Number of protein chains: 2
Amino acid sequence: MASSAPDGLTPRAREIVAAARAILEEDGLEALTMRRIAERLGIRAPSLYKHFPDKEALEAAIISAAFEEQAAVFERAVEEGDEPLAALGAAYRRFALAHPHLYRLMTDRELRRDLLAAGVEDRAGLTIYRAAGEDTDRARAAWAFAHGMAMLELTNRFPPGADIDAAWHEGIRAFRDG
Amino acid sequence: MASSAPDGLTPRAREIVAAARAILEEDGLEALTMRRIAERLGIRAPSLYKHFPDKEALEAAIISAAFEEQAAVFERAVEEGDEPLAALGAAYRRFALAHPHLYRLMTDRELRRDLLAAGVEDRAGLTIYRAAGEDTDRARAAWAFAHGMAMLELTNRFPPGADIDAAWHEGIRAFRDG
DNA sequence: GTCTATATCAAGATAGAC
DNA sequence: GTCTATCTTGATATAGAC
């Protein structure tokens, strides 16, 4: 009975994931401790281990849900925009800026794919592939461009006053025309 | 007398930086602790604080030196190659793959610019700017592409068997022609 | 420039009772 | 499903002697 849901989580486990994600988004990755998560739920840290075997499994649950969410956002953006690559680029940046800590958790380290829900990683990738004219190499290059732009903006690497919009446009243009 | 060298470091401080960098490159960022650094030098951790005010200052010294090194590599690559953007892309990837942990320390978080040696961050940027035909937006976009490619490869995000070379070529081509 | 001793803090995780 | 009590580990950093 514990895992008939699509995400394989019990209702209580889902509450824990929600609390964890809220802490992550509000205060960043270093704030994401078992104690903090428990505290937010009004319980003690050891109790969490009745629901997840360890912290990594809990993080994987956050990441799985976030991938689904991101893919849905991407799909909608392409549907509603006229130029797929431009629409996707804008949606990519918006997601990263709206959820900086979550975005870094999702992208900035090796993935424990064995702990993720199946197929969850590919869905967003497929949207990019299609927007890039179903050219694998171009899709990967465009993805790297978007990821690089997002990370450089999140880590504050562009010079103060840099026109980040213009750099995005230039990149999108290059991958559309080039 | 302590800071007449170009990097502002005493000889002993430079030895400490070298030990720290070796640990970083061999075992990664979590291994970079004051205890480990001291151990490698045959001393105790508290002694390090006679040479650096805190760990952040020591990290900044590693980063400053690495930026200089990277800039020199980039400059040489452009000089020796015929196509600047391609030469620079290849050098960029080579540097990141040869020094994965160092590269991440340099790029993957906010920079404490106040602790870095002056101008050290701009030198590599200038090389990219020139290779991109002195177009600021294109230079930033190409930089983001390179950074994204490097990070996705380092974090193992491309599917197994993905032709990463081909994706690099596609991106370089787009920024050259597009 | 190095030492010992120590302060301070906080993390993930387990055992076993209720 | 939650609790208390605890283990184990390890980090940065300071004080003060030599």
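## Two protein chains and two DNA strands

A side-chain N or O atom of A:Arg12 sits 2.8 Å from a phosphate oxygen of DNA strand D. Keep in mind that this is a predicted model. With that said, here's a tour of the DNA contacts, followed by the place where the two protein chains meet.

**Strand D**

A:Arg12 turns up again in the list of closest residues: of the 15 residues surrounding DNA strand D, A:Arg12, A:Arg44, A:Ser47, A:Lys50 and B:Arg35 are the closest. So both chain A and chain B show up in that list. Of the strand D atoms that come within 4 Å of the protein, 64% are sugar or phosphate. Sorted by class, the surface near strand D has six charged, five nonpolar and four polar residues.

**Strand C**

Now for the other strand. Around DNA strand C there are 15 residues, and A:Arg35, A:Lys55, B:Arg12, B:Arg44 and B:Lys50 come nearest. Which part of strand C lies within 4 Å of the protein, backbone or bases? Sugar or phosphate makes up 63% of those atoms, and bases make up the rest. The surface near strand C splits into six charged residues, five nonpolar ones and four polar ones. As for secondary structure, helix H2 (34-41) of chain A and helix H3 (45-48) of chain B each bring at least two residues to this surface.

Here are phosphate contacts for both strands, each given as the distance from a polar side-chain atom to a phosphate oxygen.

| Residue | DNA strand | Distance |
|---|---|---|
| A:Tyr49 | strand C | 2.9 Å |
| A:Lys55 | strand C | 2.9 Å |
| B:His51 | strand C | 3.1 Å |
| A:Ser47 | strand D | 3.0 Å |
| B:Tyr49 | strand D | 3.0 Å |

A:Lys55 is worth a second look, since this residue is among those that come nearest to strand C and has a polar side-chain atom 2.9 Å from a phosphate oxygen there. A:Ser47 plays a matching part on strand D: it is listed among the closest residues, and a polar atom of its side chain lies 3.0 Å from a phosphate oxygen.

**How the two chains are related**

What does it take to superpose chain B on chain A? A rotation of 180 degrees does the job, with 0.0 Å of shift along the axis and an RMSD of 0.0 Å. That is how a two-fold axis relates two copies.

**Where the chains meet**

The contact involves 37 residues of chain B and 37 residues of chain A. Because 100% of chain B's interface residues are interface residues in chain A too, the copies meet through the same surface. Together the two chains bury about 3,200 Å², with 58% of that on carbon and sulfur atoms.

How many salt bridges does the rule find across this interface? There are four, and one example joins the side chains of B:Arg138 and A:Glu170, at 3.3 Å from N to O. Polar contacts between chain B and chain A come to 11 residue pairs, counting those with both residues at pLDDT 80 or more.

On the side of chain B that touches chain A, helix H6 (100-107), helix H8 (136-154) and helix H9 (164-177) each supply at least two residues. H8 of chain B gives the largest share, 12 residues. By class, that side of chain B holds 17 nonpolar, 13 charged and seven polar residues.

Conventions. Residues are numbered from 1 along each chain as its sequence is written. Chains are lettered from A and ligands numbered from 1 in the order in which they are written. This is a predicted model: local features need pLDDT of at least 70, side-chain atom pairs count only at pLDDT 80 or more; totals for chains, interfaces and linings use all residues. Side-chain values use heavy atoms; hydrogens and water are left out. A residue is near a molecule or strand if one of its heavy atoms lies within 4 Å of it. A polar contact is a pair of N or O atoms within 3.5 Å; within protein, one must be able to donate a hydrogen and the other to accept it, and residues adjacent in sequence count only if both atoms are side-chain atoms. Helices (H or I, at least four residues) and strands (E, at least two) are DSSP runs, numbered from the N terminus. Ala, Val, Leu, Ile, Met, Phe, Trp, Tyr, Cys and Pro count as nonpolar, Asp, Glu, Lys and Arg as charged, and the others, Gly among them, as polar. Copies are superposed by least squares on the C-alpha atoms of residues with pLDDT of at least 70 in both. Contact means heavy atoms within 4.5 Å. Buried area is the accessible area (1.4 Å probe) that two parts lose on being put together, summed over both.
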